[in-house]
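Student: Could you take me through one part of this model in detail? I'd like a close look at the open sheet, and then how the rest of the chain sits around that picture.

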Amino acid sequence: MTMSGDSSALIELGVVGAPFGVRGWVKLRSFTDPPDRLLQHRSVQLGLGGAWIAYQIEASGRSGGQLTAKLSGVNNRDQAIGLRGARVCVPRSELPQRDDKDFYRADLIGCEVVNLAGVRLGKVQHFIETPAQVLMVVRGEQEYWVPAVPQHLRRVDLQARQVVVDWDDAAA
């Protein structure tokens with residue numbers, strides 16, 4: 001394990017869930033598509049309480065449809081419990097380059113959001129994972145929770161830092 005202080009170049013790929021068994025394994029909730037893509041990274045940064053620590057994924061698997069992993073230095077259930085809720089990140093440099101029509105959620109944070117009528121809704125604050133879909137939280141004069149799906153995300157212009165959504169400004 002090594003400490004890493006620079007979280008600005010990290011992209012969040014998931015979160016640590018409950019412990020799995022008594023030998024230090026943890027369940028992982030992946031934000032990648034497909035979910036198994038998270039396990040392609042053998043080294044990850046875990047962020048918890050403002051601290052970032054590098055871990056190696058020594059082994060991985062599935063249990064009941066959930067991803068599981070054995071992290072270096074995590075050898076018992078108590079240590080695994082201590083990691084619950086940690087953000088699982090990798091350096092942006094380790095991710096594939098995206099084309100014009102593809103982006104990472106982190107790229108949208110801070111972008112201005114306007115609807116099809118040209119009404120400014122606010123800026124992207126963060127994303128919320130729900131069982132049904134991912135919601136983009138947009139905050140301006142009001143707060144909007146816009147489903148981050150193609151039906152609602154109409155255009156993303158990363159150079160202009162703008163997202164156009166099919167969302168009524170009265171739908172708050």
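**A close look at the open sheet**

Tutor: Let's start inside the sheet of this predicted model: strand β8 (residues 112-115) runs parallel to β13, and the two pair over four bridges. If you want a spot to click on, take valine 114, whose bridge partner in β13 is valine 164.

Now zoom out a little. The open sheet has six strands, in the order β11-β10-β9-β8-β13-β12, and its pairing is mixed. At the edges sit β11 (143-147) and β12, each of which pairs on one side only. Going from one strand to the next, the twist averages 35°.

Over at the β11 edge, the pairing sense is antiparallel: β10 (residues 134-139) and β11 share five bridges. Methionine 136 is a handy marker here, with valine 146 as its bridge partner in β11. The connection is a hairpin, and three residues take the chain from β10 to β11. As you look along these strands, keep the general pattern in mind: in a regular strand, side chains alternate between the two faces of the sheet.

Then there's the β12 edge. Between β12 (153-157) and β13 (162-165) is a loop, and arginine 161 lies in that loop. Its backbone deserves a glance: phi of arginine 161 is near 60°, a positive value in a residue other than glycine. With a relative accessibility of 35%, arginine 161 counts as partly exposed. One residue that touches Arg161 is aspartate 107, which also touches Arg92 and Leu158, leaving aside residues up to four places away in sequence. Aspartate 107 belongs to helix α2 (residues 105-108). Unlike a partly exposed residue, aspartate 107 counts as buried, because its relative accessibility is 14%, and the cut-off for buried is under 20%.

The β12 edge also has a salt bridge. Aspartate 166 and arginine 154 meet through their side chains, at 2.9 Å from N to O. Arginine 154 is in strand β12 and aspartate 166 is in the segment after β13, so this pair ties together parts that are 12 residues apart in sequence. Both ends are partly exposed: aspartate 166 has 30% relative accessibility, and arginine 154 has 46%.

That pair is one of a set, as the structure holds seven salt bridges. The general idea is familiar: side chains of opposite charge can pair when their charged atoms come close. Two others take us away from the open sheet. Arginine 87 bridges to glutamate 12, with the closest N and O atoms 3.0 Å apart. Since arginine 87 lies in strand β7 and glutamate 12 in strand β2, the pair ties together parts that are 75 residues apart in sequence. Arginine 87 is partly exposed at 37% relative accessibility, and glutamate 12 is partly exposed too, at 30%.

Lysine 70 makes its salt bridge with glutamate 58, and here the closest N and O atoms are 3.5 Å apart. Lysine 70 is in strand β6 and glutamate 58 in strand β5, so the parts tied together are 12 residues apart in sequence. The two ends sit in different surroundings: lysine 70 is buried, with a relative accessible area of 10%, while glutamate 58 counts as partly exposed at 48%.

Those strands also turn up when you look at the packing. The largest nonpolar core has 22 residues, and the ones touching the most other members are Val16, Leu28, Leu46 and Leu71. Two or more residues of this core come from each of β2 (10-20), β3 (25-30), β4 (43-48), β5 (51-63), β6 (66-71) and β7 (87-91). Apart from this core lies another, of 15 residues, including Leu108, Val124, Val134 and Tyr144. Back in the 22-residue core, try centring on leucine 46: among its contacts beyond four places in sequence are Val16, Trp52, Leu71, Leu83 and Val88, and Arg87 is on that list as well.

Last, a word on how far to trust what you're seeing. The chain's mean pLDDT is 87, with 91% of its residues at 70 or more. The stretch to go easy on is residues 1-7, where pLDDT stays under 50 and the model has 12 contacts beyond four places in sequence. Where pLDDT is low, the predicted coordinates should not be read in detail.

Conventions:
Residues numbered from 1 in each chain as written. Predicted model: local features only at pLDDT ≥ 70, side-chain atom pairs only at ≥ 80, totals over all residues. Heavy atoms only, no water. Core = buried A, V, L, I, M, F, W, Y, C linked by side-chain atoms within 4.5 Å. Buried < 20%, exposed > 50% of the residue type's maximum accessible area, 1.4 Å probe, protein only. Contact = heavy atoms within 4.5 Å. pLDDT = per-residue confidence, 0-100. Salt bridge = Lys/Arg side-chain N within 4 Å of Asp/Glu carboxyl O. Pairing = 2+ DSSP bridges. Axes fitted to C-alpha atoms, helices over the stretch in contact; angles between N-to-C directions.
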